[in-house]
Amino acid sequence: DLDNISTSQDAVNINYNPTSGSFDAMDITYGSGGGTGNALAITQLGAGNVLLFNDEASDTSPFVIDGAGSVGIGTTTLSGAKFKIALDSFSVSDSYDDQSKIASLSNAAVSIGKLQISEAACGTYTVQDADGNSYDTVLIGTQCWLKQNLRTGTKITSCTNGYVGVCTTGGDTVQNQTNNSIIEKYCYSDTDANCTTDGGLYQWAEAMQYKDGCSNTTSLQPTEPVQGICPTGWHIPTDAQQYTLENYLKDGANSCVSTRSGWDCDTAGTKLKVGGASGFEGILAGNRNTNGSFGNRLTIANLWSSSQYDASNAWERNLGSGNSMVSRYNFSKAYGFSVRCLKD
């Protein structure tokens with residue numbers, strides 16, 4: 001019992017220097033008998049710290065609790081702590097202080113002692129798909145788009161035995177993409193390099209990843225937005241969202257009818273193609289026909305929407321090498337078209 005000790009020396013001083021082995025200077029085990037008290041209770045009535053740890057004389061990161069209940073790491077006093085939690089504040093300091101670090105981040109700021117994180121601006125970051133492929137982003141109006149066509153998935157040949165052309169001409173049968181938990185893609189002319197530069201070609205239901213039971217032959221419209229094969233936080237644009245894009249980019253009072261079937265919205269097509277003012281970089285990747293043949297690379301781009309027209313057809317947008325407008329049309333869901341994702 002050390003009660004009522006009133007001297008200028010320590011109440012308890014343990015000086016323990018074992019010559020070998022790994023032993024604790026003090027080991028407290030409490031509570032196995034059902035007790036509910038504290039294993040260690042310290043009441044500081046004087047002016048010093050409640051608790052101070054130093055593991056050696058040259059220690060640069062001790063641990064201290066002062067009389068106000070503040071916690072500090074990196075000093076024997078709270079004023080110079082590298083990490084401090086006080087009753088009304090929190091701070092971190094080192095040779096490169098937290099304010100400077102935060103100031104170097106475009107989407108972080110400190111205001112009234114609070115760290116505020118905002119979303120990075122579209123166009124300043126890249127996005128990865130399920131296979132680790134990276135895509136740039138671009139802001140057009142209020143919409144944030146991927147700047148390249150998706151190329152995610154495992155390549156399958158257009159014809160069952162690899163014939164390139166109309167499958168039946170080579171004695172093959174058409175090989176469709178299937179609902180098998182694997183993202184499948186066609187590469188133009190069955191050439192891997194074309195998927196790398198232009199992106200993959202996907203049948204509509206595959207692009208939707210068969211959400212809500214949708215398919216290429218039934219009238220089940222998946223609930224929009226549809227993530228489908230897009231990265232998390234992104235989705236395949238609806239017909240209406242594709243219209244928002246083209247209507248924003250059309251020149252002045254030019255016609256741009258949302259319900260059309262055909263070309264309109266001059267000169268949105270020019271702005272959406274590679275080198276166009278929008279930054280969308282719509283590459284003319286061509287398409288894969290329902291008979292298994294490939295066509296129109298360097299002359300046509302077809303971009304799926306998530307909105308179906310009927311059981312067998314869905315809406316898409318078309319860019320052409322010799323056309324400054326954008327075509328809206330419904331095509332067979334069994335076509336292989338490009339996919340461009342829009343941020344949620």
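This note walks through some features of a predicted model, point by point, for someone opening the structure for the first time.

1. A good place to begin is the set of disulfides. The structure contains 5 disulfides. Counting the bonded cysteines along the chain, they pair as 1-2, 3-4, 5-6, 7-10 and 8-9. The next three points take some of these links in turn.

2. Start with Cys122 and Cys144, whose sulfur atoms sit 2.1 Å apart in a disulfide. The torsion about this S-S bond is 85°, and the link of Cys122 and Cys144 is right-handed. What does this pair tie together? Cys122 belongs to the loop between strand 7 (114–117) and strand 8 (126–128), while Cys144 belongs to strand 10 (residues 143–146), so the disulfide connects parts that are 22 residues apart in sequence. Cys122 has a relative accessible area of 19% and is buried; the cut-off is under 20%. Cys144 is buried too, at 7% relative accessibility.

3. Next come Cys159 and Cys167, joined by a disulfide with an S to S distance of 2.0 Å. Is this link left-handed or right-handed? The torsion about the S-S bond of Cys159 and Cys167 is about -90°, so the disulfide is left-handed. Both Cys159 and Cys167 are buried.

4. The link between Cys230 and Cys341 has its sulfurs 2.1 Å apart. This disulfide of Cys230 and Cys341 is left-handed, with -95° about the S-S bond. Cys230 is in the loop between helix 3 (204–208) and strand 13 (234–235), and Cys341 is in the loop between strand 19 (326–332) and strand 20 (342–343), so the pair holds together parts that are 111 residues apart in sequence. Cys230 is buried at 4% relative accessibility, and Cys341 is buried at 0%. While you are looking at cysteines, note that Cys214 is buried as well, with a relative accessible area of 2%.

5. Now turn to strand 10, where Cys144 is found. Gln143 and Trp145 point one way from this strand, Cys144 and Leu146 point the other way, and all of them are buried. This is a pattern you can look for elsewhere: in a regular strand, side chains alternate between the two faces of the sheet. Strand 10 runs antiparallel to strand 9 (residues 134–140), with 4 bridges joining the two. Across from Cys144 in strand 10 stands Leu139. The hairpin of strand 9 and strand 10 has 2 residues between the strands, and Gly141 there takes a positive phi near 65°.

6. Which residues touch the most other members of the largest nonpolar core? In this core of 25 residues, they are Leu150 and Val339. Strand 10 and helix 3 each contribute at least two residues to the core, and helix 3 gives the largest share, with 4 residues. Setting aside residues up to four places away in sequence, Val339 touches Asn149, Leu150, Tyr202, Ala207, Ile229, Cys230, Ile236 and Trp304. Apart from the largest core lies another core of 16 residues, including Cys265, Ala268, Ala301 and Val326.

7. Strand 18 (residues 313–320) deserves a look of its own. Of its 8 residues, 8 are buried, so strand 18 is largely enclosed by the rest of the structure. Both of its faces are covered: Asn313, Trp315, Arg317 and Leu319 are buried on one side, and Ala314, Glu316, Asn318 and Gly320 are buried on the other.

8. What pairs with strand 18? Strand 17 (residues 300–308) runs antiparallel to strand 18 through 6 bridges, and a hairpin of 4 residues joins the two. Within this pairing, Leu303 stands opposite Arg317 in strand 18. Strand 19 also runs antiparallel to strand 18, again with 6 bridges. Here the hairpin has 5 residues between the strands, and Asn313 faces Ser332 in strand 19.

9. A last stop is Arg328, which is found in strand 19. Is Arg328 buried or exposed? Arg328 counts as buried, at 5% relative accessibility. The side chain of Arg328 reaches the backbone oxygen of Arg260 at 2.5 Å. Leaving aside neighbours within four places in sequence, Arg328 is in contact with Asp239, Ser258, Thr259, Arg260, Ser261, Gly262, Trp315, Glu316 and Arg317. Among these contacts, Trp315, Glu316 and Arg317 are also buried residues of strand 18.

Conventions. Residues are numbered from 1 along each chain as its sequence is written. This is a predicted model: local features need pLDDT of at least 70, side-chain atom pairs count only at pLDDT 80 or more; totals for chains, interfaces and linings use all residues. Side-chain values use heavy atoms; hydrogens and water are left out. A disulfide is a pair of cysteine sulfur atoms within 2.5 Å. Buried means under 20% relative accessible area, exposed over 50%, partly exposed in between (1.4 Å probe, protein chains only). A polar contact is a pair of N or O atoms within 3.5 Å; within protein, one must be able to donate a hydrogen and the other to accept it, and residues adjacent in sequence count only if both atoms are side-chain atoms. Contact means heavy atoms within 4.5 Å. A nonpolar core is a set of buried Ala, Val, Leu, Ile, Met, Phe, Trp, Tyr and Cys residues joined through side-chain atoms within 4.5 Å. Two strands pair if DSSP finds at least two bridges between them.
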